Amino acid sequence: MNKPKMATEKSASRVLMLLSQLERLIEEPRVSDNEAIRQITGKILHLIQTQEKTRKEVVSKGSGGMEIILSSLENTQDLQTTLNILSILNELLTVGGGRRTGVFVSKGGTAILLQLLVSSSKDPPANEELMLQIHSLLVKVGPKDRKFGVKARLNGALNVTLNLVKHNLQNHKLLLPCLQVLRVYSSNLVNAVSLGKSGALESMFEIIGPFSKKSTTLLKVALDTLAALLKSGMNARRAVDRGYLPTLLAIYQDWHRNDTRHRHMVIRKSILGCIKNLTNIKLGRKAFIDANGMRILYNTSTECLSVRTLDPLVNTSSLIMRKCFPKNRLPLPTIKSVFHHPLPHIPAGGPVAQLYNQPPGVDDVVDESDENEATEGDTENDTEYDEDDTGHKSQNDDIETDINKLRPIQVNTRPFDELRVYEYFCREFTENFEDDDFERPTSVIPPLSINSELHRPIIIPTTTSPLGPQNRHPLREDVLPPKPDESPLDLDSISISKRPEGKSDPDLVCSLGRLVLDGGVNGGSVDGPQEEGGEQAVLEVPDTAALLPLHDPDLYLEMVKSTCSVPAYTEVAYPDYFGHVALNLREPILERVYGVQRTKIFQDIERLIHPSDIHDKVVYDLDNESCPVIENGESLKFNSKFESGNLRKAIQVRKFEYDLILNSDINSNHYHQWFYFEVGNMRPGVRYRFNIINCEKSNSQFNYGMQVLMYSVQDAINGNPHWVRTGSDICYYKNHFSRSSIAAGGQKGKSYFTLTFTVTFQHKDDVCYFAYHYPYTYSMLMMHLQKLSDLRTAQIYYRQDDLCKTLGGNGCPLLTITAMPESSSDDHISQFRSRPVVFLSARVHPGETNSSWVMKGSLEFLMSCSPQAQSLRESYIFKIIPMLNPDGVINGNHRCSLSGEDLNRQWQSPNAELHPTIYHAKGLLQYLRATGRTPLVFCDYHGHSRKKNVFMYGCSIKETVWQTSTCDLHEDLGYRTLPKLLSQMAPAFSLSSCSFVVERSKESTARVVVWREIGVQRSYTMESTLCGCDQGKYKGLQIGTSELEEMGGQFCLALLRLRRFTTPLELHNHNSHLLDMDNDLIDTRNIPNITSPTTYVLEEDEPAFLEEVDYSAESNDENDPDLEPDLQDNHAFPDPHSDSELSRQDSLN
Ligand SMILES: [Zn+2]
């Protein structure tokens, strides 16, 4: 046991002894000592070569070994000693990981080496062995020294190495380490520029050549060096000028052809790396196109597709091709919405003023100045406009840190006299309930207001003749399953009886117009003379009455008549007419197929490669009403001229592929996400590819398993009236259509995104509808409310008022639901009046149709006859605005109202004329507060486009302040009770996704304003996923209307439980047991932990998926060539590329 240990100590002490001898000799240099120093360093070298323990000893802390070695190296003039020491260092740094190199660097070794390099090269020819040793060491040291690039430049070492490379092109032994060092130098941008001017590019091209199995290591280093050099725009320009791009392409093709067994994938990848950097500049992209680069990379990639290990080549090629793909302009005359709605006044500086104050003739589709510039910004910085999405962007910057902006404000902006008008909406508080009231339901529904504008003939045909005359008859024989008494289907000829012109029809609601189904529709149809006339047809409406108690097709049509749309729609979409029955089938979140995006991108690139395959036929165009409807049966027919529809243009790109463009929100030039349109004239069994090409968000749940929704009229008639999740090969990626800075918030060079999906239709001559999410129109709401009011019993107090008229002339329904008092006795009336108010709203964002389905669930629960519902009604008075933005919904907007603004950003100071629904909703809340009836709960239902599950945003000063500092103020924790209850009751609800942080960007949302200004402690936004759930009972499933409706019902049940924690008359004072409950809540959530994901969800909640092709960015212009300063000889210039990059350098060994 002792013996080896002693032996070790002995040898260790020997090396230390030798080192101290060396130290003495170096300190007192005498010529005669040269031999002694040589001997000592030789002995040390021997020990180090043979014993790991010795190596450890030399670099161990306190040994001083490294200092002595370095000082010897610095001071010796003797070549043999120098070589010995360099060998010692090479031995030392070869093993031991980066730590020993770290010691070397920290003791100033880099500079000593570089000085040695420069001084030894003063008198050429330099000693080859010495150069070899120095460069071998530098290769090891470079990547570990953050300042290596700067040190090399300051010491003048760059050209020494480059000259060695130039003069030793055939001497591979020396060439390799020199090249490796050059590669490290070049990763510093300033160095790259300097080396480029000294001819480094040309040298690299002397090494890089056609396929050869020899010297592949050398070749790889040369290529990587070249790639690093080409990151400089100046070098890239030089390379393009010298015609290197076609050379590189030729070399790549050569390797592609000859490397049949794929042994040299890394070299092929490195060649692509050079091309990739070259094409960062505009000149490079042009040279690439001129050199037929698209076709070359396309063809080589196609040949690589079958070999999975070659994916990196395909992916890099794809990246280059996307970058070089010429930017297209959207084929539109303007990106402003096709429809314009005049506003009562246009606030200066507002979005509408900006939109319409552009001088005439300005092209807003692309930026004039940067056509083909394509200096793509970093998509990571995409700004989002979503309430639900801003969490991603500014992160902690967005958290409100000013505590004064978090405290309640007590000022009423409107005097109470003015608020008195809202007394009308709170009649239940003063009503005296005569005995009569208990004998029949309170019938206080005002007659539907009928707008005089609507007294025009209303014809409600659908589709642009989806079943052309020639197709009409074969329909039944060919497609429909033979049913003995099948009614003929005639989808293009539905009209309803007209309302007598100029006459109001007081009985409109009760006496529904009969559905007249004759083919002879007269003028007024926007579709021109399509009808044959006289053909009698009876449309069989699916009998859904039992399944859809709130649906009635006739009533729906009646509601449509009273709905005012900006385009004056005269058609009705079949799904809205027939109704949607929730599918009794699990619809799993789709697993992403590997390579989908790549395939789609390659198909896009083929447009350029095989232009003759491209039809480019416009088949639907709102901008051009005379757009010819082609009746040759070769094209699909599109339509979206119905409520909530918003397709602007459809272009047949290839035989079975269509580019679709969505209309902007009215009085706006963007917000494209929601879609709803109709397709006809399809061939069954064919795979149709659809591309929505003007999406704006940088990512989408369509990349994470969400499918689009489709409704087949044939299926509906055959007894399956369902919206169904459908589509394969779904993916969402950045495309080659440029977005003008006008539509991108001033940012130039951004692109649109494509949502692509592929569908195979089942039936011939079907009419199918596609939607972003389950549609829920305003007319549908009005129909549901009508049917709900029919559900009243003597126990239910239900009242529907019109809160106000919208800009578009539609009513904004306000519901009051509670239980009738038990009797008109004082006690019962007093109990009735003391019930706390719960205030609910939904659908301020028209594209978030899921919020309407949740609201429908809540309303149905509230009107049901279950004991719990009755108990709930007895507990609260509900004030509900089920649709805060009727105009947006009707006109197919995604985000805004007719004022072109996001209504959920107007709550701080809503304008009575421009934002009437918000102005009056807030007024009503202010009235309630002024009369001592501040709601117990306020909740605004929303939909979330990026996250799964259902969750809530609430408001807490403490949790907000905790994000940035500590805070010991006392805060009532009541805001957590409802979400906690929901997480226990509602399967789709996820507490861990909830957040109670107040963000600056949300200061004018309903949630924050109602919390601060009205003083509602439990003020929430409830967000429902558009996609599906990743936890709970519905884990792995896409969400459907029944789950959404269930959520609305569970929300009501949670309110019922909440009653246990709140006493009606002490709304703001919790009693002790409640505090306990809340303490429990807060303990379990571990709130004070700032990093807790439960308190503030910042991250994109989706992991990166397998396919590494980036779905968003493709062109990363890291260095704008025009901004790159001339850095040569400017040694004082701070290093723009921190040498930390060096640490990422992959060693070749
Ligand atoms: Zn929303």
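**Exercise 1. The surroundings of serine 187**

Which backbone oxygen lies 2.8 Å from a polar atom of the side chain of serine 187? Locate the residue in the chain as well, and decide whether serine 187 counts as buried or exposed.

*Solution.* The model is a predicted one. Begin with the position along the chain: serine 187 sits in the loop that joins helix 11 (172-186) to helix 12 (189-197). Next, take the accessibility, which for serine 187 is 9% in relative terms, and because buried means under 20%, serine 187 counts as buried. Finally, look for the partner of the side chain: the oxygen in question belongs to the backbone of valine 184, at 2.8 Å from a polar atom of the serine 187 side chain.

**Exercise 2. A mixed sheet and its edges**

Determine the strand order of the open sheet of seven strands, and explain why one side of strand 14 and of strand 19 is left without a neighbour in the sheet.

*Solution.* Reading across the sheet, the order is 14-15-17-16-18-20-19, and the pairing is mixed. Strand 14 (796-805) and strand 19 (950-953) are the edge strands, and each has a single partner strand, so one side of each lacks a neighbour in the sheet. As for the twist, neighbouring strands are turned by 20 degrees against each other on average, with direction ignored.

**Exercise 3. Strand 20, its partner and two helices**

Describe how strand 19 and strand 20 pair, and state which helices lie on this part of the sheet.

*Solution.* Strand 19 and strand 20 (residues 1018-1025) are antiparallel and share four bridges; for tyrosine 953, the bridge partner in strand 20 is threonine 1021. Turning to the helices, helix 36 (residues 977-985) lies across strand 18 (937-944), strand 19 and strand 20, and runs at about 35 degrees to strand 20. Helix 37 (residues 1006-1014) also packs on the sheet, where it touches strand 18, strand 19 and strand 20, while its direction makes about 170 degrees with that of strand 20.

**Exercise 4. Cores and cysteines**

Find which residues touch the most other members of the largest nonpolar core, and how many disulfides are counted.

*Solution.* The largest nonpolar core holds 131 residues, of which Phe638, Phe690 and Phe770 touch the most other members. The greatest contribution to this core comes from helix 38 (residues 1041-1058), with nine residues. Another core, of 117 residues, lies apart from it and includes Val105, Leu132, Ala222 and Ile296. For the cysteines, with sulfur atoms required to be within 2.5 Å, the count comes to zero disulfides. Cysteine 426, at 2% relative accessibility, counts as buried, and cysteine 896, at 0%, counts as buried too.

Conventions. Residues are numbered from 1 along each chain as its sequence is written. This is a predicted model: local features need pLDDT of at least 70, side-chain atom pairs count only at pLDDT 80 or more; totals for chains, interfaces and linings use all residues. Side-chain values use heavy atoms; hydrogens and water are left out. Buried means under 20% relative accessible area, exposed over 50%, partly exposed in between (1.4 Å probe, protein chains only). A polar contact is a pair of N or O atoms within 3.5 Å; within protein, one must be able to donate a hydrogen and the other to accept it, and residues adjacent in sequence count only if both atoms are side-chain atoms. Two strands pair if DSSP finds at least two bridges between them. Axes are lines fitted to C-alpha atoms, for helices over the stretch in contact, and angles run from 0 to 180 degrees between N-to-C directions. Contact means heavy atoms within 4.5 Å. A nonpolar core is a set of buried Ala, Val, Leu, Ile, Met, Phe, Trp, Tyr and Cys residues joined through side-chain atoms within 4.5 Å.
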